[in-house]
Amino acid sequence: MTRMTHVGRLLTVLLLGLGAAFTVQPAHAAEAIEAYEAKTIVEPDGALRVTATVTPGEAGPEQFEQTFTLHEEIADLREYRYMVENVEITSDGRPSGEVTKQDSDVLTATMRSRDGKPIQLSYVVRGAATRDEGGATLVHWNVLQGLDVGVTDFRGQLVIPAMFQDFKCNAGAPGGQASCRAAQGFPQMGGSPEFLDGPRAAGEVVGFRMLFDPAAVAPNEMIVEQWSVGRAFRASGWPLVVALSTLLVGVLVLYLLHRRAGADEDSRGEVERIAEFKPTGEGESMFVLRQEIRPGQVGTLADERVDPVDVTASVIDLAVRGHLRIRELPREGRFSGGDWEIERRDDADDAELLPYEKALLDGLTREDGAPLRVSQISEVSGVIPQVQSLLYDEMVRQGWYEYRPDATRNRWSVVAVVGAVVGIVGTAVLAAFTSFGLTGLAALVVALGLAYVATEMPARTAKGSRALQGLAMLGSELRAHDTDEMPKGREYAELSKVLPYAIVLGGRERWLKAIVTADDDDDADPVDLDWFHAPDDWHLRDLPDSLHNLVVHLEGELFSR
């Protein structure tokens with residue numbers, strides 16, 4: 001390679017460098033201020049007192065803005081917040097601009113030039129002294145930032161209260177890691193580090209980072225956590241501990257509440273039989289009540305609720321006991337629906353009726369004694385709420401419950417609903433402003449648990465517990481006792497007495513089948529049962545279907561209001 005070639009390449013490089021210098025420099029100078037000199041005093045409490053002298057120059061802009069960013073994102077969805085206070089803009093001792101703050105994110109200082117004379121900008125920064133990972137205090141601030149014009153020359157000076165551990169100067173695009181053009185500092189007491197830079201384009205920054213012993217410069221960081229689902233419902237650390245503690249305490253409280261208000265008392269004694277099949281001869285027995293517990297009471301005591309089956313079993317029981325008669329009507333057409341008449345009988349002693357039975361009987365019959373069709377019940381009767389209320393009263397009158405089961409359930413259900421509302425609102429508030437959203441969810445789960453426990457809250461007394469055990473024993477017998485042991489010639493009457501109890505305790509189909517089996521001829525049986533009459537062509541083998549249809553229609557009419 002010749003010497004001339006080397007010279008040619010050198011000239012080419014020099015020409016390119018000069019061309020780049022002349023093309024870049026005007027880009028800054030086209031709309032740029034002449035100089036920006038800033039003095040920053042670092043206070044022991046971490047506050048920064050900044051005084052900047054901004055010289056637009058004769059060719060500089062008449063008006064320009066510097067916008068300070070008041071937040072900086074850091075790791076784990078957090079951000080530093082800065083406060084820029086006591087902002088003053090003067091020139092020759094007179095105001096020369098104004099300050100505007102749109103929100104908590106930015107503050108804008110608008111500066112106006114008078115014939116290119118220098119402008120003094122002063123302000124105080126708080127929140128720029130943060131804790132370093134090693135425990136030192138990191139003071140950092142972009143003295144030049146957010147300027148909407150370029151800067152030809154920048155000079156910065158720091159006045160510090162104590163010896164520093166490290167000093168760096170950064171310049172360039174926001175967030176960049178480039179160093180300033182020149183920086184020097186002395187790590188001894190009283191040192192005044194300086195840094196130089198420029199030119200800088202509009203929007204570029206020049207700042208510093210210094211480390212101090214926290215005893216010399218106290219951190220004053222303001223960290224704000226940004227909202228996110230993961231942060232709001234943090235499943236680690238104290239948020240998880242508090243949530244689990246809330247859940248465990250809530251479950252313990254629910255357990256103790258149920259033990260105190262929902263657990264049945266100990267029966268304390270031998271089980272009392274409700275009824276039995278008493279032998280009347282060899283291979284024969286009859287159904288005998290040992291306690292006057294009616295089918296409607298049976299169902300309510302068993303599951304603590306007045307269900308439709310309790311009411312329909314009571315209707316069948318009233319018919320079997322002779323207080324009313326049910327009459328199935330002939331179908332008007334082949335595809336017509338069935339209907340029944342309920343007629344009150346005059347030969348029964350109403351004095352034996354319990355209050356709920358009398359109310360039910362009055363609601364199913366007409367005052368003038370005329371039969372009432374099942375299809376008409378919903379039009380003339382709204383007796384079910386009264387019957388249900390009277391049945392709950394019976395639970396207390398009999399001593400099976402200390403308080404009405406429905407009132408107890410309602411009271412605790414209201415508490416559960418209030419707790420659920422508090423849990424929902426609490427979850428929303430905690431999730432919006434803290435990382436303890438899981439605690440609100442735990443409280444909501446406890447409230448929902450209370451809603452479930454509320455259904456179990458009605459507690460039976462010791463007498464009620466004994467009666468319940470007796471009902472369980474009777475239910476087992478109804479599902480297992482031989483149905484063909486009724487006294488001869490009295491099968492229909494004796495089997496019918498069992499039927500209402502089998503409806504609520506189980507075994508209904510086998511006892512209905514026993515009534516059908518008791519029919520020993522092929523003749524029609526419209527009036528063989530004293531309590532249930534039917535059309536002339538009706539047979540006892542039709543009883544299961546007839547009774548099933550009756551129950552479906554009766555429940556539909558009674559509970560449709």
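The following conversation considers a sheet and a charged patch in a predicted model.

Visitor: Why is aspartate 528 called partly exposed?

Guide: Aspartate 528 has a relative accessible area of 33%, and since buried means under 20% and exposed over 50%, with partly exposed in between, the value of 33% places aspartate 528 in the partly exposed class. This residue lies in the loop between helix H13 (508–517) and strand S24 (532–533).

Visitor: Which residues gather with Asp528 in a patch of negative charge on the surface?

Guide: Asp520, Asp521, Asp522 and Asp523 gather there together with Asp528. Patches are made of residues with over 30% relative accessible area, a cut-off that the 33% of aspartate 528 passes.

Visitor: What makes S13 a partner of both S1 and S16 in the sheet?

Guide: Two strands pair if there are at least two bridges between them. Nine bridges join strand S1 (residues 32–42) to strand S13 (residues 150–159), and these two run parallel, while four bridges join S13 to strand S16 (residues 194–197), this time antiparallel; both counts therefore satisfy the criterion for pairing. Among the individual contacts, threonine 40 has leucine 158 of S13 as its bridge partner, whereas glutamine 157 stands opposite glutamate 194 in S16 and phenylalanine 154 stands opposite aspartate 197, also in S16.

Visitor: Why are S7 and S15 said to stand at the edges?

Guide: The open sheet has eight strands in the order S7-S6-S10-S2-S1-S13-S16-S15, with mixed pairing. Strand S7 (94–95) and strand S15 (182–184) each have a single partner strand, so one side of each is left without a neighbour in the sheet.

Definitions and conventions. Residues are numbered from 1 along each chain as its sequence is written. This is a predicted model: local features need pLDDT of at least 70, side-chain atom pairs count only at pLDDT 80 or more; totals for chains, interfaces and linings use all residues. Side-chain values use heavy atoms; hydrogens and water are left out. Patches are made of residues with over 30% relative accessible area and no salt bridge: like charges are joined within 9 Å, nonpolar side chains (Val, Leu, Ile, Met, Phe, Trp, Tyr) within 5 Å. Accessible areas come from the Shrake-Rupley method with a 1.4 Å probe; for residues, only the protein chains shown count as cover. A salt bridge is a side-chain nitrogen of Lys or Arg within 4 Å of a carboxyl oxygen of Asp or Glu. Lys and Arg count as positive and Asp and Glu as negative; His and the chain ends are not counted. The place of a charge is taken as NZ of Lys, CZ of Arg, CG of Asp or CD of Glu. Buried means under 20% relative accessible area, exposed over 50%, partly exposed in between (1.4 Å probe, protein chains only).
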